[in-house]
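Visitor: I am new to reading protein models, and I would like to take a close look at one single part. Could you take one strand and what surrounds it, and lead me through it step by step?

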Amino acid sequence: MKLTDKILEGDVRAAARLMRGIEDDAPEAIKELESIYLHTGRAYVVGVTGAPGVGKSTLVDALIGIFRRGNMTIGVIAIDPTSPFTGGAILGDRVRMQQHSLDKGVFIRSLATRGCKGGLSKATTSMIHIMDAMSKDIILVETVGAGQGEVDITKVADTSIVILTPGMGDEIQMMKAGIMEAADIFVINKADREGADNLQRQLESMLEMTAYLPNEWKPSIILTEAIYDKGTEELVAAILRHKEFLISSGGLDKCRQQRAKLELIEAIESSLKDYIYQRIDQGDYLEKLADNLVQRKTNPHSAALQIINRFSK
Ligand SMILES: Nc1nc2c(ncn2[C@@H]2O[C@H](COP(=O)(O)OP(=O)(O)O)[C@@H](O)[C@H]2O)c(=O)[nH]1
Ligand SMILES: [Mg+2]
């Protein structure tokens, strides 16, 4: 039986094997994804973003519990660029989420950020497709930061959650990173700590400065205490409200069209690169052009155009 068929039946080992292949950039795995893709488009993707230590994993863990009680199946992708696969944070995530490890309705996968030639955003998209094909209803993607580094989670998530905590000064950082526009839901986690009200007021006044049209989503602000499972039901309600909004406003279709276009553009770029490299590599064409660059006989942009002209004939 083909790997795809097994994955469609929910075979966890087959899925893990394909994911490993994707991380290794194995050609068979990439081929397999072509058939996987045709069985995707059902899952709802929720991005959970925030600085290290704000409580993303704790919150994801709580969300899994609530969604499972509602009989939804869950996929989790944990990405942490600061630690390798066996490193502290991810190991911690594993241990924390272990209570769900015997639950067949939950599939958790950490994504190593090193040694993935295809790029992290491509790998993340592939993981999402595989979990989608496994018929997971909700896919939670935990990632540090947005708009910085390789993974721009807002590009792959239907609902983007940005987590802040009182008194960390990350409010300011987040605003700088342009994260304000990216959040569909703001979570103030560790609301048991001093300064939560203050942070809430800051966020509210920032949102008030933005003029939202009646057909636009105004981000929600939810206070949580993830370790005590407080505010988490409210967060799930906010996620479902946002989902309903996207469906009724036609935003979900638009969002998915944009995402498909983005994936197409990425595929064009990488196919084109492969195609040209394969042909160029047969001679010392690149070396000669590089020599010309060193001697300043040409510039990289013109040299690139020269290559494109040569291969478009
Ligand atoms: N006081 C308090 N601590 C929390 C809360 N949520 C998480 N933590 C703690 O914050 C630390 C970092 O949590 P973690 O989920 O690993 O953060 P991540 O790096 O964003 O995934 C852990 O020690 C958690 O127990 C909360 O609501 N209140
Ligand atoms: Mg974490």
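Guide: What follows is a walk that starts at strand β5 and goes on to its neighbours, the charged pairs and the bound ligands. Please keep in mind that this is a predicted model.

Let us begin with strand β5 itself, which spans residues 159-164. Of its 6 residues, 6 are buried, so the strand is largely enclosed by the rest of the structure. To see how this works out on each face, it helps to recall that in a regular strand the side chains alternate between the two faces of the sheet. On one side of β5 you find Thr-159, Ile-161 and Ile-163, on the other Ser-160, Val-162 and Leu-164, and because buried means under 20% relative accessible area, the burial of all these residues tells you that both faces of β5 are covered.

Next, look along the edges of β5, where other strands pair with it. Strand β1, residues 44-49, runs parallel to β5 and is joined to it by 4 bridges; within this pairing, Val-46 has Thr-159 of β5 as its bridge partner. Strand β6, residues 185-188, also pairs with β5 in the parallel sense, over 4 bridges, and here Ile-161 stands opposite Ile-185. If you now move on to β6, you can follow its side chains in a similar way: Ile-185 and Val-187 point one way, Phe-186 and Ile-188 point the other way, and all of them are buried. From β6 the pairing continues to strand β7, residues 220-223, with 4 bridges that again join parallel strands, and Ile-188 has Leu-223 as its bridge partner in β7.

Now return to the start of β5 and look at the loop that comes before it, between β4 and β5, for this is where Asp-158 lies. Side chains of opposite charge can pair when their charged atoms come close. Asp-158 forms a salt bridge with Arg-256, and the closest N and O atoms of the two are 2.8 Å apart. This pair links distant parts of the chain, since Arg-256 belongs to helix α11, residues 251-280, and is 98 residues apart from Asp-158. The two partners also differ in their surroundings: Asp-158 counts as buried, at 3% relative accessibility, whereas Arg-256 counts as partly exposed, at 24%. The pair does not stand alone, as Asp-158, Arg-256 and Arg-259 are linked in a network of salt bridges.

A search of the whole structure finds 9 salt bridges, and two others make a useful comparison. Lys-230 forms one with Glu-225, where the closest N and O atoms are 3.8 Å apart; Lys-230 is partly exposed, with a relative accessible area of 48%, while Glu-225 is buried, at 14%. Asp-284 forms another with Lys-288, at 3.5 Å between the closest N and O atoms; in this case Asp-284 counts as partly exposed, at 40%, and Lys-288 is exposed, at 51%.

Let us then turn to strand β4, residues 138-143, which stands on the other side of the loop that holds Asp-158. Glu-142 of this strand, through its OE atom, and Ser-57, through its OG atom, coordinate the magnesium ion (ligand 2), at 2.1 to 2.2 Å. Ser-57 lies in helix α4, residues 56-69, so the pair ties together parts that are 85 residues apart in sequence. Both residues are buried, Ser-57 with a relative accessible area of 7% and Glu-142 with one of 6%. Their side chains are also joined to each other by a polar contact of 2.8 Å.

Ser-57 leads us finally to ligand 1, because 17 residues surround that ligand and Ser-57 is among the closest, together with Gly-53, Lys-56, Thr-58 and Asp-192. Helix α4 gives the largest share of this shell, with 3 residues. Some of the contacts can be followed atom by atom: polar backbone atoms of Gly-53 and Gly-55 lie 2.8 Å and 3.0 Å, respectively, from an oxygen atom of ligand 1, and a polar side-chain atom of Asp-192 lies 2.9 Å from a nitrogen atom of ligand 1. Taken alone, ligand 1 exposes 590 Å², and the protein buries 74% of that.

Definitions and conventions:
Residues are numbered from 1 along each chain as its sequence is written. Chains are lettered from A and ligands numbered from 1 in the order in which they are written. This is a predicted model: local features need pLDDT of at least 70, side-chain atom pairs count only at pLDDT 80 or more; totals for chains, interfaces and linings use all residues. Side-chain values use heavy atoms; hydrogens and water are left out. A salt bridge is a side-chain nitrogen of Lys or Arg within 4 Å of a carboxyl oxygen of Asp or Glu. Helices (H or I, at least four residues) and strands (E, at least two) are DSSP runs, numbered from the N terminus. Buried means under 20% relative accessible area, exposed over 50%, partly exposed in between (1.4 Å probe, protein chains only). Two strands pair if DSSP finds at least two bridges between them. Donors are N, O and S atoms within 2.8 Å of the metal (3.2 Å for Na, K and Ca); water is not among the atoms, so sites may look incomplete. A residue is near a molecule or strand if one of its heavy atoms lies within 4 Å of it. A polar contact is a pair of N or O atoms within 3.5 Å; within protein, one must be able to donate a hydrogen and the other to accept it, and residues adjacent in sequence count only if both atoms are side-chain atoms. Accessible areas come from the Shrake-Rupley method with a 1.4 Å probe; for residues, only the protein chains shown count as cover.
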